[in-house]
Amino acid sequence: MNAIYPGSFDPVTYGHLDIIERAAKKLDHLIVAVLNNPSKKGIFTVEERIDLLVEVTKHLPNVEIDFFSGLLSDYAVKKNCFTMIRGLRAVSDFEYEMQMALVNRKLNPKIETLFLVSDSKYAFLSSSIVKEIAQLNGNFSCFVPKVVEEALKDKFKGGL
Ligand code: PNS
């Protein structure tokens, strides 16, 4: 089975990587798809997010990194892949995730969303939290791979 793991990945964290590794083990092929949304500016450009994802998944031969613009349901048609992977960290994720899964299935009934429960180590972890700690000069080395840590330090050096 093939699947798409869509997200912002601004930037990829160990929480994302855990989902990618676990999903990749169960799948023939996993496409990690970064949303390119010009109206929602992130810290990293889409190209930078892709580069970081490529770097941290290079040990996973059945994982491909790509990006998409517009609706995920249109991207699913383009890739001819209708299974979505999403991580669930806590009950607080549930409402948003359920809404997305239902909307995507309404837009295209072929789309199914499969949820992987986050490892408890990463249940509190998000890209936003990591960015906040990085911006405030805290230690966030246990939340992201080294290459992401360096990239974040680089972004915040000298302040934003
Ligand atoms: O990592 P995120 O920010 O939680 O990922 C959210 C994402 C990118 C999966 C979601 O916002 C998305 O699919 N956006 C594309 C637009 C779309 O298809 N919207 C309708 C379904 S919610």
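So, let's start at Arg86: one of its polar side-chain atoms sits 2.9 Å from an oxygen atom of the ligand. Keep in mind that this is a predicted model.

Arg86 has company. Ser8 also reaches in with its side chain, where an N or O atom is 2.5 Å from a ligand oxygen. With Leu72 it's the backbone instead: a polar atom there is 2.8 Å from an oxygen of the ligand. And how much of the ligand does the protein bury? On its own the ligand exposes 540 Å², and the protein buries 76% of that.

Okay, zooming out a bit. The ligand has 13 residues around it, and Ser8, Leu71, Leu72, Arg86 and Met100 are the closest. Sorted by class, that shell is eight nonpolar residues, four polar and one charged. Which element gives the most to the shell? That's α4, with four residues. Strand β1, residues 2–7, and α4, residues 91–107, are the elements that each give two or more.

Now, the pocket. The ligand takes up space in the largest one, and that pocket holds about 1,200 Å³. It's lined by 47 residues, and closest to its centre are Gly7, Ser8, Phe9, Lys40 and Arg86. Several elements give two or more residues to this lining, among them β1, α1, β4 and α5. Here α4 has the largest share again, with eight residues. As for the classes, the pocket lining comes out at 21 nonpolar, 17 polar and nine charged residues.

If you're looking at the structure now, find Ser8 and Arg86: both are among the residues closest to the ligand, and both are among those closest to the pocket centre.

Key. Residues numbered from 1 in each chain as written. Predicted model: local features only at pLDDT ≥ 70, side-chain atom pairs only at ≥ 80, totals over all residues. Heavy atoms only, no water. Near = heavy atom within 4 Å. Polar contact = N/O pair within 3.5 Å; in protein donor to acceptor, adjacent residues only side chain to side chain. Areas by Shrake-Rupley, 256 points an atom, 1.4 Å probe, with all protein chains shown as cover. 1 Å grid on protein atoms, 1.4 Å probe; cavity = no way out; pocket = protein on both sides within 12 Å on 5 of 7 lines; lining within 4 Å. Sits in = over half its atoms within 2 Å of the grid points. Nonpolar A, V, L, I, M, F, W, Y, C, P; charged D, E, K, R; others polar. Points joined across faces, edges and corners; volume = space filled by probe spheres on them.
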